Amino acid sequence: MNYARRPGIDSVALGRLAAREQQSFLTTHRESARLAQASAVHWLNGVPMHWMRDWSTPHPLFVRRARGAEIEDVDGNHYVDFCFGDTGAMFGHSPPPIARALAQAGAEGITAMLPAERVARVGEKLAALFGLPYWQVTQTATDANRAALRWARAITGRARVLCFDGCYHGTVDETLVRALPERQDKGGARARAGLIGMSHDVSAATDAVPFNDVVALEKVLARGRTAAVIAEPVMTNIGMVLPEEGFLRALRELTRRHGALLIIDETHTLSSARGGYARARNVEPDIWVCGKAIAGGMPCAVFGFTAEVEAGMRRVQQERAGGHSGMGTTLSANALALACLEASLDELMTVSNYQAMHDTAAYLSEGLGRVFAAAGLPWHVARVGARLEFGFGRPPRNGAESEREAWPEVEHAIHLFLLNRGVLLTPFHNMMLCSPVTTTAHADKLLAALHDCLREIGSAA
Ligand SMILES: Cc1ncc(COP(=O)(O)O)c(C=O)c1O
């Protein structure tokens, strides 16, 4: 077993704890168990979306309601939520401004495939907050990234895209790749293991290089075949990998020098600062993408772009034959989504909300450090604003390092132990978010439960 090779955790105690917590979950989640059985009759994997099975629980956990920072399940168990729907609910569950916008706009027409009255105003607000003059709306961040890559190829006339090893930008085919281990600094890529039903080689027009590797990045870009680099400014989907000093500056400089567009995907790093990480750190993307929490958790995503990119898009439109562009979905930019987007821009992404989120996240981060020190574990904590992650070793430099550090058995046991004590972490690695309504008391609950868990499984126990 993986954990047997690493110091700090007692594998026997870990196995004992995992079995006990599974049993404990089963006895306290009987209504969820009943619904799981009933749902299995008509839903694939028993759930309407298969990721809902990715939690550490023996069967799905069914939710009765979610408000603010808390969730109640169908058995009446209450949880402090640090997952927030993997970021969709980052500003809290059902924030009152979004609930109001939904009620109001819902009664006045949900979707018409015509621009709503508020569109000009929302465009102004997007430009003011995120610093890019032109915008489009999609249903999901996946859609926005897909469109951004297509535009980049059309504008530059180049076929290839470059992404970082271990990235995730949604189910965008050409980014579902990993770097080739034997030629990490030369580009190329392979399809990620486990993809289902692909009809073509998704890696055919993608180069993947390690994050924080300026030399590899430059080697690929210098070939002059890259339409766009797509990147999160901080990798958040293979654990959290922070950019090293100067890396994002080099990324911007090299993409400009070699004629590639820079697409910055802030679907997760919207947590880092009001207006996003790129604006706060002067990254100056050509195209900026954000989904999930951008409209308070309503299905909605946006991509913004520079005047130069807009000019390129207009040129492409003029030069092409008519017909379907291959981009867009019917419900994108519907009136309901636009109303929520405006409410979010006005009332969720406020200075005070960001301050509250960051203060609580800083408190939690320090607390985690103390818990690991008390347990004698050399684990690290990474934080970008309201988003935190702990990892089982030193801070990784790139996706491959982060992946090597993963410790699924320990992760699952900790997640289930916490869940049974009323604390939800994101099921993917060890990610936590603090919403504006997450309090230090909520953070203390997590810290106390984690402390108890580590006391039981730590090898010094
Ligand atoms: C950075 C990033 N971009 C895009 C996406 C895709 O978002 P969605 O699944 O809402 O399309 C994700 C999802 O986790 C993400 O983390």
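Me: Let's start with one residue. Where does Met52 sit in this model?

Reply: Keep in mind that this is a predicted model. Met52 is found in the loop that runs between α2 (30–39) and β1 (63–67). Its relative accessibility is 41%, so Met52 counts as partly exposed.

Me: Which residues make up the nonpolar surface patch there?

Reply: Met49, Trp51 and Met52 build it, and the patch covers about 270 Å².

Me: That loop has caught my eye for its backbone too. What is the phi of Asn45?

Reply: First the general idea: most residues other than glycine have a negative phi. Now the case here. Asn45 has a phi near 60°, a positive value in a residue other than glycine. Asn45 lies in the loop between α2 and β1, and at 41% relative accessibility Asn45 is classed as partly exposed.

Me: And what is the phi of Thr87?

Reply: Thr87 has a phi near 100°, again a positive value in a non-glycine residue. You'll find Thr87 in the loop between β3 (78–81) and α3 (96–106).

Me: Is Thr87 buried or exposed?

Reply: Buried: Thr87 has 0% relative accessibility. The cut-off for that label is under 20% relative accessible area.

Me: Let me try another threonine. What does the side chain of Thr255 reach?

Reply: The backbone oxygen of Arg252, at 2.9 Å. Thr255 is part of helix α7 (residues 247–257). With 0% relative accessibility, Thr255 counts as buried.

Me: On to the ligand. Which residues come nearest to it?

Reply: There are 13 residues around the ligand, and Thr142, Asn237, Asp265, His268 and Lys292 come nearest. Split by type, the shell has 2 nonpolar, 8 polar and 3 charged residues. Helix α5 (residues 141–156) gives the most to this shell, with 3 residues.

Me: Which atoms of the ligand do the polar side-chain atoms of Thr142, Asp265 and His268 lie by?

Reply: Go through them one at a time. For Thr142, a polar side-chain atom is 2.6 Å from an oxygen atom of the ligand. For Asp265, a polar side-chain atom is 2.6 Å from a nitrogen atom of the ligand. For His268, a polar side-chain atom is 3.1 Å from an oxygen atom of the ligand. As for cover, the ligand taken alone exposes 390 Å², and the protein buries 89% of that.

Me: Now charges. How many salt bridges does the structure hold?

Reply: The general idea is that side chains of opposite charge can pair when their charged atoms come close. In this structure the count is 25 salt bridges.

Me: Lys292 came up at the ligand. Which residue does Lys292 form a salt bridge with?

Reply: Asp86, with the closest N and O atoms 3.4 Å apart. Lys292 lies in the loop between β11 (287–290) and β12 (301–305), and Asp86 in the loop between β3 and α3, so this pair ties together parts that are 206 residues apart in sequence. Lys292 counts as partly exposed, at 29% relative accessibility. Asp86 is buried, with a relative accessible area of 13%.

Me: What about Arg100: which residue is its salt-bridge partner?

Reply: Glu347, and here the closest N and O atoms are 3.1 Å apart. The pair links distant parts of the chain, with Arg100 in helix α3 and Glu347 in helix α10 (residues 335–348), 247 residues apart. Both ends get a label from their relative accessibility: Arg100 is partly exposed at 49%, and Glu347 is partly exposed at 39%.

Me: Helix α10 again, then. Where are Glu342 and Arg121, and how far apart in sequence?

Reply: Their side chains meet in a salt bridge at 2.8 Å, N to O. Glu342 is in helix α10 and Arg121 is in helix α4 (residues 119–130), so to speak two distant parts of the chain linked across 221 residues. Glu342 is buried, with a relative accessible area of 6%, whereas Arg121 is partly exposed, with 40%.

Me: Which residues are joined into one network by salt bridges that share partners?

Reply: Arg118, Arg121, Lys125, Glu342 and Asp346. To read it in the viewer, pick out Glu342 and Arg121, whose side chains meet in a salt bridge, and then look for the other members of the network, Arg118, Lys125 and Asp346.

Note on methods: Residues numbered from 1 in each chain as written. Predicted model: local features only at pLDDT ≥ 70, side-chain atom pairs only at ≥ 80, totals over all residues. Heavy atoms only, no water. Patch = residues over 30% accessible without salt bridge, like charges linked within 9 Å, V, L, I, M, F, W, Y side chains within 5 Å. Areas by Shrake-Rupley, 256 points an atom, 1.4 Å probe, with all protein chains shown as cover. Salt bridge = Lys/Arg side-chain N within 4 Å of Asp/Glu carboxyl O. Helix = DSSP H or I, 4+ residues; strand = E, 2+ residues; numbered from the N terminus. Buried < 20%, exposed > 50% of the residue type's maximum accessible area, 1.4 Å probe, protein only. Near = heavy atom within 4 Å. Polar contact = N/O pair within 3.5 Å; in protein donor to acceptor, adjacent residues only side chain to side chain. Nonpolar A, V, L, I, M, F, W, Y, C, P; charged D, E, K, R; others polar.
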